[in-house]
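Trainee: I should like to take a close look at one part of this structure. Could you describe the strands and the loops that join them, with attention to individual residues?

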Amino acid sequence: MASTEPVHEHREDEEAVANEDEDTGAQVAPIVKLEAVPVSTGEEDEDSILDLKSKLYRFDKDGNQWKERGAGTVKLLKHKETSKVRLVMRQSKTLKICANHLVLPTMTVQEHAGNEKSCVWHATDYADGELKDELFCIRFASIDNCKAFMEKFQEVAESQGKKEENKDAAAAAGLLEKLSVEEKKTEDKAGEEVPIASEKETEDKAGEEVPVTSEKETKSDSEKTQKKDEEPASST
């Protein structure tokens, strides 16, 4: 008959290991207390109007091929004060910026040939810290997400164009108003009457006396006449 002692010993070992792994409930205070540090994303003054998961590519002109920029979340952010909209995309793990550019009225987005889940567009991007002309291609998990992105992108571009038109119209209206004010001022100056002399100035001019010949000058003229009479007449 086989002995069962080894079995008992094995069970005792397992129970000992289990007891070692049990939580005693003791709490150890940290040696260094770390304080929460606020992290700025640069998006605090913007509202998100689109937020979709996707994968981004850029076209490499030198290699004549598409290169992956990263997979993450693409956002359209609208500034609270200026109402300008920019496209920002970060990698999901590292949060590194893949794309960062304004959506301008001149931009258009179109479906990538042969793939309904992808679309392409040109942009002047600032993701690498300097402005670069890029051709982007973005791919979504579904056709609906791709259509939603294209429609929102195009809607924003058109709204930015109308805003520029309104700004130009406002500037033109301001210029016309300024010209109208200047023209009115010119007319007002032309219609001003010639200033009339005041009553005091008229009295002063009327009260001026006619200069009188002095007594000395009168006596001198009389002597000259008398002397002329005393001169002998010419002989005949």
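Mentor: Let us begin with S83, which counts as partly exposed because its relative accessibility is 24%, a value between the limits of 20% and 50%. In this predicted model, S83 lies in the loop between β2 and β3, the latter strand covering residues 85-91. Its backbone also deserves attention: S83 is not a glycine, yet its phi is positive, at about 65°.

A positive phi is likewise found at N64, where the angle is near 55° and the residue is again other than glycine. N64 belongs to the loop between β1 and β2, with β2 formed by residues 65-79. With a relative accessible area of 60%, N64 is exposed, since the class requires a value over 50%.

From the loops we may turn to strand β1, which comprises residues 46-60 and includes E46. The relative accessible area of E46 is 14%, so this residue is buried; the limit for that class is under 20%. The side chain of E46 has a polar partner, for it makes a polar contact with the side chain of R86 at 2.8 Å. R86 is also among the residues in contact with E46 once neighbours within four places in sequence are left aside; the others are L77, K78, H79 and K80.

Taken together, the three residues fall into three classes of accessibility: E46 is buried, S83 is partly exposed and N64 is exposed.

Note on methods: Residues are numbered from 1 along each chain as its sequence is written. This is a predicted model: local features need pLDDT of at least 70, side-chain atom pairs count only at pLDDT 80 or more; totals for chains, interfaces and linings use all residues. Side-chain values use heavy atoms; hydrogens and water are left out. Helices (H or I, at least four residues) and strands (E, at least two) are DSSP runs, numbered from the N terminus. Buried means under 20% relative accessible area, exposed over 50%, partly exposed in between (1.4 Å probe, protein chains only). A polar contact is a pair of N or O atoms within 3.5 Å; within protein, one must be able to donate a hydrogen and the other to accept it, and residues adjacent in sequence count only if both atoms are side-chain atoms. Contact means heavy atoms within 4.5 Å.
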